[in-house]
Amino acid sequence: MRAAVVGHVEWVDFARVPRWPAAGSIVHATDVWSDPAGGGAVVARQIALLAGRCELFTAFGEDETGRAAVRRLAQLGIDVHVQHPPRSATRRAWTHIDDGGERTITVLGDKLLPAGPLPLEGYDLVFFVSGDVPALRSARRARFLAAALREQPTLREAGVPLDLLVGSANDPTERYDGSLDARLVVTTDGANGGLANGEPFRATDPPVQVVDTYGAGDSFGAALAFALARGDELSDALELAARAGSAVLGGRGPYTAQLPLNS
Amino acid sequence: MKALALEHLQEALLGEGGVQGDRRFYFVGETGRLISNKDFPAFQLIRASYDDAVDVLTLTLADGREIAGRVERGEEVTTSFHRRPRHARLVIGPWSRALSEVVGEPLRLVEPSTSGVDRGRNGAATLLGTASLGALGSTLGVEAVDGRRFRMNFGIEGLGAHEEDAWIGRRIAIGDAVVIPHGNVGRCVVTKQNPDTAVSDLDTLGGLAEYRGDVETTEPLPFGIHAGVVRSGRVRVGDVVALA
């Protein structure tokens with residue numbers, strides 16, 4: 001399968017803490033690490049694991065952080081197409097992971113969006129996480145186009161039909177009013193599963209110990225898009241997606257426990 | 001990468017197969033023939049870098065876009081490298097498609113099983129005295145000739161114009177390595193191209209024909225020499241080059 005993702009990436013410093021610090025307090029991290037993450041990276045890595053390879057069209061500043069991100073993403077098996085918007089700096093983020101595995105994110109700087117048109121002719125699957133309107137219109141050339149609910153203004157402005165629209169039912173920024181031309185709309189609700197075109201589906205049991213929730217939703221969406229693009233029935237696709245979302249919970253950061261194809 | 005923008009190193013390991021990492025990859029067309037900046041001058045506006053430690057290749061296009069990924073080796077193919085067969089493996093990844101879009105023709109990226117130097121082991125390294133650039137510039141009536149046009153491995157300061165030609169057949173120490181030059185490097189139209197614009201803007205071949213046309217040489221229109229490596233070693237910018 002020829003697959004690509006259009007989306008943003010940020011360089012994330014992760015810190016595991018006993019609890020989210022209350023106002024005025026200090027917490028000591030028990031583990032710290034860094035990785036390029038954000039929706040574009042997490043979705044692309046999950047699709048790369050399932051499809052063998054995945055291209056990511058993204059944007060970075062021309063800085064050391066951006067170069068480190070490209071190197072690491074390539075190491076993760078993602079083929080990266082990088083634009084450098086003028087006078088921009090690579091976006092960074094801090095993410096605290098508390099004892100329950102919940103992540104709390106602070107972003108620093110503007111989201112750098114890949115700009116279109118993009119050379120997306122001939123792809124079996126494109127997953128649009130973020131980007132400008134011409135980038136999304138290019139993405140529609142793919143046989144199967146999935147999009148994240150978090151970029152609804154862009155989706156609305158582009159006005160292209162979507163094969164899959166996926167997002168979280170619990171994130172206020174992803175609340176959906178039904179106004180887009182989408183063949184399938186899937187919203188997730190954590191351990192409760194979610195809705196697919198209004199029909200409930202079940203979540204997979206989480207791992208015994210939830211280590212880290214970062215990337216679970218994006219991995220769910222990526223696996224769902226992959227499965228539907230290869231022709232799986234909806235029920236099978238949702239089952240794979242639920243397993244992908246659950247798998248991520250068992251690992252440190254978004255990449256250590258993502259679901260491989262042969263699992 | 002063969003034919004793409006030159007990379008200037010402060011230090012290199014020179015071995016029997018040439019400078020380590022030099023021309024590790026090249027592009028071929030649909031028939032397997034080597035594609036170079038003779039076919040597409042804009043190739044030399046594209047930069048390549050390869051990180052051996054993690055097997056990651058990055059191409060930077062003239063408009064600043066980068067294409068990076070981990071190299072995956074595919075099937076073995078026989079390519080035509082300067083009309084000689086050369087075994088290589090197809091490189092799977094985003095680069096072939098991206099460059100095909102740039103030039104408007106289908107290209108495939110390959111990694112040869114042996115060194116990608118042009119003249120085999122006797123041409124593992126190329127050397128040029130920088131004074132020779134001055135001689136050509138005088139002939140052409142220009143202030144300076146950019147040495148990058150000639151895409152040599154090593155530039156040598158302190159020689160007279162074309163003094164390096166007299167080294168053919170002798171042992172030359174260059175840094176920790178020792179080479180024996182085997183012949184002259186004959187020139188082609190690529191040297192007319194400005195390395196910053198890829199536009200042909202200097203009649204280098206006319207100039208060479210004018211003042212070097214009668215020189216006894218192993219290849220026509222000679223400029224610089226090629227050499228085999230008899231002792232591998234590290235070479236750094238500023239190292240002494242002398243008869244060994």
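# Exercises on a predicted two-chain model

Twelve of the 13 residues of helix α1 of chain A are buried, so this helix is largely enclosed by the rest of the structure. A residue is buried if 20 or more other C-beta atoms lie within 10 Å of its own, exposed if 12 or fewer, and partly exposed in between, with C-beta atoms placed from the backbone. The model is predicted: local features need pLDDT of at least 70 and side-chain atom pairs count only at pLDDT 80 or more, while totals for chains, interfaces and linings use all residues. Residues are numbered from 1 along each chain as its sequence is written, and chains are lettered from A and ligands numbered from 1 in the order in which they are written.

## Exercise 1

Task: Describe helix α1 of chain A and its end.

Solution. Helices (H or I, at least four residues) and strands (E, at least two) are DSSP runs, numbered from the N terminus. Helix α1(A) covers residues 39-51 and reaches 18 Å from its first C-alpha to its last, close to the 18 Å expected at 1.5 Å a residue; the expected span is 1.5 Å times one less than the number of residues. Its buried residues include A:G39, A:V42, A:R45, A:Q46 and A:L50. Just after the helix, A:G52 takes a positive phi of about 100°.

## Exercise 2

Task: Determine which strands pair with β8 of chain A, and in which sense.

Solution. Two strands pair if DSSP finds at least two bridges between them. Strand β1(A) (residues 3-6) is joined to β8(A) by four bridges and runs parallel to it, with A:V6 opposite A:F128. Strand β9(A) (residues 144-148) also pairs with β8(A) in the parallel sense, over four bridges; here the bridge partner of A:F128 is A:A147. Between β8(A) and β9(A), helix α3(A) (residues 133-139) completes a right-handed β-α-β unit, right-handed meaning that, with the strands pointing away from the viewer, the path from the first strand over the helix to the second runs clockwise. Finally, both faces of β8(A) (residues 125-128) are covered: A:L125 and A:F127 are buried on one side, A:V126 and A:F128 on the other.

## Exercise 3

Task: Set out the strand order of the six-stranded open sheet of chain B and identify its edges.

Solution. The order is β12-β11-β15-β14-β13-β17, with mixed pairing. Strands β12(B) (154-156) and β17(B) (241-243) stand at the edges with a single partner each, so one side of each is left without a neighbour in the sheet. From one strand to the next the twist averages 40°. Helix α2(B) (residues 130-140) packs on the sheet, touching β11, β12 and β15 of chain B, and its direction makes about 60° with that of β11(B). Axes are lines fitted to C-alpha atoms, for helices over the stretch in contact, and angles run from 0 to 180 degrees between N-to-C directions.

## Exercise 4

Task: Analyse the contact between chains A and B.

Solution. Chain B gives 14 residues and chain A 13, two residues being in contact if their C-beta atoms, placed from the backbone, lie within 7 Å. On the side of chain B, β6(B) (56-60) and β7(B) (66-70) are the elements that give two or more residues; β7(B) supplies the largest share, five residues. Strand β5(A) (residues 78-83) is joined to β7(B) by three bridges in an antiparallel arrangement, and A:V82 stands opposite B:E66.
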